[in-house]
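Work through the exercises below with the sequence and the model side by side, and try each task before reading its solution.

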Amino acid sequence: MSTPGLHRFGHEAMATRFEITLVHEDAAEAASAAQEVWDDIDRLEQQLSRFVSYSDIGRLNGSEAGRAVDIHEAAMDCLTYGKEIWEQTGGAFDVTIGPLHAALRNRDGSPRKASKEEIENAKARCGYQHLQLDPEEFTATPLVDNMFIDLGAIGKGYALDQAAQLLGERYGITSALLNAGTSTLLGIGSMPGQDGWLVRAGAPEPFALHNEAVSGSGFQVQGAHIVDPRTAKLVNMSRIIRWSVAPNATLADALSTAFIIMNRKEIDAFCRQYPEIRVIYCE
């Protein structure tokens with residue numbers, strides 16, 4: 001048997017660049033594995049993207065109250081997991097915040113002056129209390145008209161977790177570094193001769209990812225703003241970068257967004273409650 005080598009592959013999807021570094025003894029099989037991962041991520045994008053009108057999320061957005069929308073397993077996974085994180089972060093992470101984004105931000109992320117009536121109307125369409133999920137029937141039912149869901153803060157991490165599962169189950173690959181846009185990385189197993197996959201991710205020194213993920217938020221240009229779902233107010237994030245380290249990429253991706261909104265006291269309390277979570281402050 002030959003010595004396993006490192007094989008690197010890249011692919012454009014979900015408005016970012018995905019990269020995989022695999023440890024495998026056969027270059028051709030590594031390439032086949034990577035191609036199957038890319039095909040799966042493309043499939044996920046067609047189900048999860050709000051920019052695809054016939055996607056699960058595209059059909060759910062704008063739906064009238066009370067109408068059950070059939071969705072696939074991936075969308076159900078992201079929505080149910082998102083609800084758990086929404087509850088755990090006290091609403092700081094919220095994939096239903098689209099109406100408030102539209103009211104308070106211009107397309108370039110700059111602040112938009114909205115009337116009190118606009119804000120109240122948007123708030124009334126945000127929050128998981130307005131979305132009924134049925135994991136057994138695979139349906140999502142909005143309880144108010146014109147909800148607007150965006151899985152952008154969780155979908156890429158979910159895609160990495162699904163890729164890692166595919167690599168292990170179909171190809172027996174248990175050592176790989178998966179990267180979504182350099183902002184979310186998942187390290188499974190270890191690179192040769194190391195205790196994990198060495199990454200920097202804002203830390204003073206490189207550290208090893210071993211069967212865990214790291215994700216960062218706060219890379220927008222100076223003056224960019226995001227919306228705090230809890231207060232319906234803008235938060236200036238141009239000088240803040242926070243990285244979350246978690247057991248999987250879905251959770252790390254979501255928490256990096258929540259940690260931008262939460263203050264340090266809230267984040268530190270969260271990490272004490274969930275010791276498998278770490279935060280790296282870069283501000």
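**Exercise 1. Describe how strands β6 and β7 are connected, and identify the residue in the turn with a positive phi**.

Solution. The model is a predicted one, and the values that follow are computed from it. Begin with the connection: β6 and β7 make a hairpin in which three residues lie between the two strands. Within that turn, Gly 181 has a positive phi of about 65 degrees. Next, look at the pairing itself, where β6 (residues 176–180) and β7 run antiparallel and are joined by five bridges. One position to find on screen is Ala 180, which stands opposite Thr 184 of β7.

**Exercise 2. Find the strand that pairs with β7 over four bridges, and state the sense of the pairing**.

Solution. The partner is strand β10, which covers residues 212–217, and the pairing is antiparallel. To locate the register, start from Gly 187, whose bridge partner in β10 is Glu 212.

**Exercise 3. Decide whether the residues of β7 are buried or exposed, and sort them by the direction in which they point**.

Solution. Take the cut-off first: a residue counts as buried when its relative accessible area is under 20%. In a regular strand, side chains alternate between the two faces of the sheet. In β7, Thr 184, Leu 186 and Ile 188 point one way, while Leu 185 and Gly 187 point the other way, and all of them are buried. Since five of the five residues of β7 (residues 184–188) are buried, the strand is largely enclosed by the rest of the structure.

**Exercise 4. Locate the largest nonpolar core and name the residues with the most contacts inside it**.

Solution. This core has 68 residues, and those with the most contacts inside it are Phe 18, Leu 79, Leu 131, Leu 151, Leu 178 and Ile 277. Helix α7 (residues 249–261) gives the most to this core, contributing nine residues. Apart from it lies another core of 13 residues, among them Trp 197, Val 214, Trp 243 and Val 245. Returning to Leu 131, and leaving aside residues up to four places away in sequence, its contacts include Leu 60, Leu 79, Met 147 and Ile 149.

**Exercise 5. Judge how compact the protein is for its 283 residues**.

Solution. Count the elements first: the protein has eight helices and 14 strands. Its radius of gyration is 19 Å, close to the 19 Å that the globule rule gives for 283 residues, so the protein is as compact as a globular protein of that length. As a further step, note that 52% of the 283 residues count as buried.

Terms used. Residues are numbered from 1 along each chain as its sequence is written. This is a predicted model: local features need pLDDT of at least 70, side-chain atom pairs count only at pLDDT 80 or more; totals for chains, interfaces and linings use all residues. Side-chain values use heavy atoms; hydrogens and water are left out. Buried means under 20% relative accessible area, exposed over 50%, partly exposed in between (1.4 Å probe, protein chains only). Two strands pair if DSSP finds at least two bridges between them. A nonpolar core is a set of buried Ala, Val, Leu, Ile, Met, Phe, Trp, Tyr and Cys residues joined through side-chain atoms within 4.5 Å. Contact means heavy atoms within 4.5 Å. The radius of gyration is taken over C-alpha atoms; the globule rule is 2.2 Å times the number of residues to the power 0.38.
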